[in-house]
Amino acid sequence: MASSMSSRRLFQELSKEFKRMHPKVKLDDVPAFNHMTAQFKKFKTTGKLLCRADNEVHYVADSYRCMLQSTRKHEELIQIYGGKGDRSIEESANLVGLNLPKC
């Protein structure tokens, strides 16, 4: 939940996700990271700037963190369990434990 996580911790979690997304690039060269940093600095003193609701800034940042983590985990699952595309009839039969008759 966004309200239970401090701004600093939330920023660290988001930074980790960006590092995982871009392992070979400096974070300062990633536009999305620069935008996120600017937003954190903009709302550093208060989340009520521009008449925002209580904890709205934290909620948006936490939602973005959750989306980045979920996207990363989804990609990992696709790598592990992703299909090879269309299988031949013989491969499909062997997958479920059946053998095709030999002609």
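A salt bridge, as the word is used here, is a side-chain nitrogen of Lys or Arg within 4 Å of a carboxyl oxygen of Asp or Glu. Glu 17 and Arg 72 make one of these pairs, with their closest N and O atoms 3.0 Å apart. Glu 17 lies in helix H1 and Arg 72 in helix H3 (residues 56-81), so this pair ties together parts that are 55 residues apart in sequence. Helices here are DSSP runs (H or I) of at least four residues, strands are DSSP runs (E) of at least two, and both are numbered from the N terminus.

A word on the ground rules. This is a predicted model, in which local features need pLDDT of at least 70 and side-chain atom pairs count only at pLDDT 80 or more, while totals for chains, interfaces and linings use all residues. Residues are numbered from 1 along each chain as its sequence is written, and side-chain values use heavy atoms, with hydrogens and water left out.

Now for the overall picture. The protein chain has 4 helices and 0 strands, which reads along the sequence as α-α-α-α. Of its 103 residues, 20% count as buried; buried means under 20% relative accessible area, exposed means over 50%, and partly exposed is in between (1.4 Å probe, protein chains only). Contact, in turn, means heavy atoms within 4.5 Å. Among contacts with a separation of 6 or more, 53% are between residues 24 or more positions apart. The accessible surface adds up to about 8400 Å², and carbon and sulfur atoms hold 56% of that. These areas come from the Shrake-Rupley method with a 1.4 Å probe, and for residues only the protein chains shown count as cover.

Back to the charged pairs. The salt-bridge count comes to 6. Besides pairing up with each other, Glu 17 and Arg 72 belong to a network of salt bridges that also takes in Arg 20 and Glu 76. Glu 17 is charged, yet what is its relative accessible area? The value is 1%, so Glu 17 counts as buried. Leaving out residues up to four places away in sequence, Glu 17 touches Leu 68, Gln 69 and Arg 72.

Two other salt bridges stay inside a single helix. Glu 13 pairs with Lys 16, their closest N and O atoms lying 4.0 Å apart. Both sit in helix H1 (residues 7-21), 3 residues apart, or about one turn of the helix. Glu 13 counts as buried because its relative accessibility is 13%, whereas Lys 16, at 38%, counts as partly exposed. In helix H3, Asp 62 pairs with Arg 65, with closest N and O atoms 2.6 Å apart. Here too the partners are 3 residues apart, about one turn of the helix. Asp 62 is buried at 11% relative accessibility, and Arg 65 is buried at 12%. As a rule, an α-helix has 3.6 residues a turn, so residues three or four places apart point the same way.

Helix H1 deserves a look of its own. Its 15 residues reach 21 Å from first C-alpha to last, close to the 21 Å expected at 1.5 Å a residue; the expected span is 1.5 Å times one less than the number of residues. The buried residues of H1 are Leu 10, Glu 13, Leu 14, Ser 15, Glu 17 and Phe 18. What covers them includes helix H2 (31-42) and H3.

Some of these residues turn up again in the nonpolar core, meaning a set of buried Ala, Val, Leu, Ile, Met, Phe, Trp, Tyr and Cys residues joined through side-chain atoms within 4.5 Å. The largest core has 10 residues: Met 5, Leu 10, Leu 14, Phe 18, Leu 27, Val 30, Phe 33, Met 36, Ala 61 and Leu 68. H1, H2 and H3 each give two or more residues to this core, and H1 gives the most, with 3. In soluble globular proteins, nonpolar side chains tend to be buried together.

Which residues does Leu 68 contact? Setting aside neighbours within four places in sequence, Leu 68 is in contact with Leu 14, Glu 17, Phe 18 and Met 21. Leu 68 belongs to helix H3 and is buried, with a relative accessible area of 6%. The C-alpha atoms of Leu 68 and Met 21 are separated by 8.7 Å, although the two residues are 47 apart along the chain.
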